[in-house]
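Biologist: Could you take me on a close look at the place where the two chains meet, and then follow the chain inward from there? I would enjoy one connected account rather than a list.

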Amino acid sequence: MCGIVGISLPRSTSGEWRESERSRIRRMVAALQHRGPDALQALVLDDVALGHARLSVVDLASGSQPMRDEATGVTIVFNGEIFNYLELRQRLAARYAFRTRSDTEVLLAAFLAEGIECVNSFNGQFAFAIHDPRDGSLWLARDRFGERPLFYTYGPSGFAFASEAKALFAGGLVAPELDPFALMETLHLWAPTEQRSAFKGVYSLPPASIACVRDGRLEVRRYWALDLSDDRIDRSLTIERATDELEALLDDAVGLRLRADVPVGAYLSGGLDSSLICAIAQERLGGTLQTFSVSFQQERYDEGAFQRGVAASLGTEHFTVSVGDGEIGQLLPAVVEHTEATLLRTAPAPLLKLSGLVRNHGTKVVLTGEGADELFLGYDLYKETRVRQFWARFPSSRIRPRLFERLYPYLAVSRQSPQLIERFFGNGLEQVGTLGDSHRLRWANSGRVSRFLSTAFVERLGGWDPVEAFLDGIPPELKRWRPLAKAQALELRTLLSQYLLSSQGDRVMMANAVEGRLPFLDHRIAEFAARLPDTFKLRGLREKAILRRIGRKRLPPQVLERRKFPYRAPIAESLVGANAPEWATELLSRAHVDAVGIFDGHKVERLVAKLAAADAPPSDADDMALAAIATTQLLARRFLADREIPSTHLDAVRVRAA
Amino acid sequence: MIDDADIRRFIAETFFVDDFSADDSFLQTGIVDSTGMMELVAFLENKYLIKIEDQELIPENLDSVSNVCRFVEYKRSKAA
């Protein structure tokens with residue numbers, strides 16, 4: 001796992017050009033030193049320069065990058081893993097003479113044999129760029145779910161790409177400025193939509209997409225999408241056969257992800273998904289698995305007892321990092337440095353500390369359970385979708401809406417009368433099943449944060465509605481899918497690829513040069529899940545039924561019986577009051593908020609005062625607002641001012657010319 | 001008479017909303033979320049020294065500024 005960068009400028013052969021590009025590419029690689037501290041290298045060619053920060057995981061000795069095919073001059077920089085590289089290598093061996101054992105060379109050989117369509121045969125998590133001097137093209141591609149990041153910028157002076165936006169700023173082709181549209185999207189959908197980043201002029205290559213830059217033109221297209229339509233469902237599958245098939249696939253997906261020349265550990269949250277991954281990995285490793293967990297000092301966030309229970313039952317060597325309220329605030333500036341995003345949650349912070357623990361143990365690679373909730377209907381949002389559908393068939397029912405009390409047990413104990421619950425959850429009941437209906441309640445809840453925006457900022461948006469704009473951009477065929485499939489598609493496009501895999505995934509792991517591997521997001525598993533009837537996944541209001549069946553013979557009963565426990569971290573307790581770190585007091589002050597100009601300083605002052613004085617736990621709305629404002633203030637402070645790259649990192653970059 | 005400006009001020013200050021009219025449904029327009037209704041109930045009980053029964057927790061009593069005013073008037077007239 002690594003970081004990649006590159007620039008493509010209008011064709012020139014002057015020696016002067018090469019000199020200025022050497023220093024530009026050096027700065028870009030150095031900005032990603034944290035992603036790949038093992039080797040920093042760049043190659044300057046006639047009209048492009050490519051760079052790479054390497055974390056050595058496979059073929060430690062000879063997998064160095066950028067990698068160039070001498071015969072054709074085709075050159076590649078690659079971040080991530082192609083797990084089926086051994087199988088691909090066998091297939092390609094007749095046509096290509098391999099010099100190394102690395103997966104990078106397999107990718108290069110696959111491109112030479114099949115062109116860019118080779119991505120379709122990759123099972124992996126990757127972002128790569130290939131320069132082909134034969135026709136002067138520069139290709140970029142990203143894995144199917146967006147596990148590895150890739151950003152780019154372009155303008156009259158050229159095209160540049162990088163694993164993180166900070167490297168683009170270091171390259172100087174784009175200047176950092178926050179994008180108001182991206183922020184508005186984040187305040188509703190939890191993250192910018194898939195082409196955008198938090199910054200103006202910095203674009204994200206969407207998951208499962210290919211970009212081609214040639215003759216000064218850029219073309220982007222999707223090469224894969226998960227089809228969740230009814231046509232895919234295999235009605236002949238029995239639950240027994242489906243369970244066996246899925247178990248075999250999952251076992252193979254874990255097996256492929258244990259391929260590495262360094263030890264592979266695993267994250268253990270204490271929930272069903274990561275426990276299942278750990279159980280399979282432990283079996284395959286013959287009992288040598290190391291597991292890593294976050295525990296919280298505050299009981300209402302903590303899953304420590306479940307984590308210890310699973311670790312003991314599987315016999316893993318278990319390590320825990322404990323996080324107190326005060327620490328979250330201390331960690332948040334570094335979190336924003338790496339996520340380069342406004343966040344509605346502080347949950348990435350403990351994960352930053354966790355990857356630090358992993359790194360200190362000398363482990364570079366961990367498996368995680370990410371993706372199962374999206375594919376196997378784990379979230380409450382899917383249950384809500386199902387209850388609303390059930391209710392909408394008989395809207396005047398007094399009984400049907402009471403299912404929400406089963407779904408959210410706190411409603412039953414919190415003096416929420418059935419009539420009030422009905423009015424809240426029954427909003428727009430006549431639109432049940434339309435695209436976006438599943439998410440409107442969540443988006444409206446997070447959208448409340450936009451109340452804190454300054455008048456001047458809101459005026460810049462001219463009444464633009466991020467939710468409608470997002471839904472307008474969804475391919476029309478999705479509108480014909482069943483309600484749960486629509487909900488899944490939206491969840492995959494917003495929360496998973498744009499937030500969980502980035503801010504809560506790649507970024508907070510790579511901050512400590514730790515690589516995450518996600519067996520559930522093996523595309524064979526996703527495509528298999530699409531063949532299953534919904535009842536194999538969400539059975540009544542019981543989530544992930546088929547995974548529970550697989551877990552039965554492998555996991556202790558308390559994990560199987562457990563309700564989904566959302567992973568969260570304290571927000572208000574970490575940022576205001578006794579635990580408030582110095583930066584928060586400063587950046588959340590009225591004067592500071594008004595100076596940045598995005599939020600309304602007076603309202604923020606009142607929010608901070610309300611939260612500091614409260615004697616009850618903060619409401620979700622206030623918590624989210626505080627997280628969003630604090631991280632936006634941090635984002636402005638970190639990225640809108642010039643920042644020096646340490647000279648030790650610059651000096652460590654080896655720049656060659658071809 | 002209770003002053004509806006007090007109710008409006010509480011809503012504006014607690015939920016950080018600027019524009020809403022006396023008849024806007026708190027829940028349907030998203031001014032207040034379902035947990036926010038508890039904050040409203042606690043405020044009314046403290047400020048107007050009334051006790052709100054479970055069966056009174058219904059939209060007709062609580063789900064707009066004018067409904068709240070009417071309901072609190074009624075509660076106070078009964079207590080008096």
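**The contact between the chains, and what lies behind it**

Modeller: Gladly! The area buried between chain A and chain B is about 2200 Å², and carbon and sulfur atoms give 52% of that. Please keep in mind that this is a predicted model. The size of an interface is often given as the accessible area lost when the parts come together. In terms of residues, chain A brings 22 to the contact and chain B brings 30.

Now for the polar side of this contact. The count of salt bridges between chain A and chain B is three. In one that can be named, Lys610(A) pairs with Glu39(B), with 3.4 Å between the closest N and O atoms. Polar contacts across the interface of chain A and chain B come to 13 residue pairs, with both residues at pLDDT 80 or more. On the side of chain A that touches chain B, the elements giving two or more residues are helix H14 (409-413), helix H15 (418-425), helix H28 (601-613) and helix H29 (620-639) of chain A. Sorted by class, that side of chain A has seven nonpolar, seven polar and eight charged residues.

Helix H29 leads us on to the nonpolar interior. The largest nonpolar core has 203 residues, and Phe122(A), Phe128(A) and Phe376(A) touch the most other members. H29(A) gives the most to this core, with eleven residues. To see one of these phenylalanines in its setting, look at Phe376(A): leaving aside neighbours within four places in sequence, its contacts include Leu246(A), Phe520(A), Ile525(A), Ala529(A), Leu532(A), Ile546(A) and Leu547(A). Two lysines, Lys537(A) and Lys544(A), are also in contact with Phe376(A). Apart from this core lies another, of 38 residues, with Ile421(A), Phe424(A), Leu429(A) and Leu541(A) among them.

Ile546(A) is a handy stepping stone to a polar residue. Thr243(A) sits in helix H6 (residues 239-257) of chain A, and beyond its neighbours within four places in sequence it is in contact with Ile546(A), Arg549(A) and Ile550(A). With a relative accessible area of 7%, under the 20% cut-off, Thr243(A) counts as buried. What does its side chain meet there? A polar atom of the Thr243(A) side chain lies 2.5 Å from the backbone oxygen of Ile239(A), and a polar contact of 3.1 Å joins the side chains of Thr243(A) and Arg549(A).

Charged pairs are worth a tour of their own, with 64 salt bridges found over all chains of the whole structure. Take Glu340(A) and Lys166(A), whose side chains meet at 2.9 Å, N to O. This pair links distant parts of the chain, 174 residues apart: Glu340(A) is in the loop between helix H9 (325-339) and helix H10 (348-360), and Lys166(A) is in helix H4 (residues 165-171) of chain A. Glu340(A) counts as buried because its relative accessibility is 5%, and Lys166(A) counts as buried at 6%.

A second pair, Asp230(A) and Arg482(A), also meets at 2.9 Å, N to O. Here 252 residues separate the partners, with Asp230(A) in the loop between strand E12 (217-222) and H6, and Arg482(A) in the loop between helix H18 (466-472) and helix H19 (483-500) of chain A. Asp230(A) is partly exposed, at a relative accessible area of 39%, whereas Arg482(A) counts as buried at 13%.

In a third pair, Glu283(A) forms a salt bridge with Arg554(A), the closest N and O atoms being 3.0 Å apart. Glu283(A) belongs to helix H7 (residues 272-284), while Arg554(A) is in the loop between helix H23 (545-551) and helix H24 (557-561) of chain A, 271 residues away. Glu283(A) is exposed, with a relative accessible area of 54%, but Arg554(A) is buried, at 18%. Glu340(A) and Lys166(A) then return as members of one network, in which salt bridges that share partners join them with Arg35(A), Arg148(A), Glu164(A), Asp506(A) and Arg507(A).

Last, a stop at a loop residue. Ser157(A) lies between strand E8 (151-155) and strand E9 (158-162) of chain A and is partly exposed, with a relative accessible area of 42%. Not counting residues up to four places away in sequence, Ser157(A) touches Leu9(A), Pro10(A) and Leu173(A).

Note on methods:
Residues are numbered from 1 along each chain as its sequence is written. Chains are lettered from A and ligands numbered from 1 in the order in which they are written. This is a predicted model: local features need pLDDT of at least 70, side-chain atom pairs count only at pLDDT 80 or more; totals for chains, interfaces and linings use all residues. Side-chain values use heavy atoms; hydrogens and water are left out. Contact means heavy atoms within 4.5 Å. Buried area is the accessible area (1.4 Å probe) that two parts lose on being put together, summed over both. A salt bridge is a side-chain nitrogen of Lys or Arg within 4 Å of a carboxyl oxygen of Asp or Glu. A polar contact is a pair of N or O atoms within 3.5 Å; within protein, one must be able to donate a hydrogen and the other to accept it, and residues adjacent in sequence count only if both atoms are side-chain atoms. Helices (H or I, at least four residues) and strands (E, at least two) are DSSP runs, numbered from the N terminus. Ala, Val, Leu, Ile, Met, Phe, Trp, Tyr, Cys and Pro count as nonpolar, Asp, Glu, Lys and Arg as charged, and the others, Gly among them, as polar. Buried means under 20% relative accessible area, exposed over 50%, partly exposed in between (1.4 Å probe, protein chains only). A nonpolar core is a set of buried Ala, Val, Leu, Ile, Met, Phe, Trp, Tyr and Cys residues joined through side-chain atoms within 4.5 Å.
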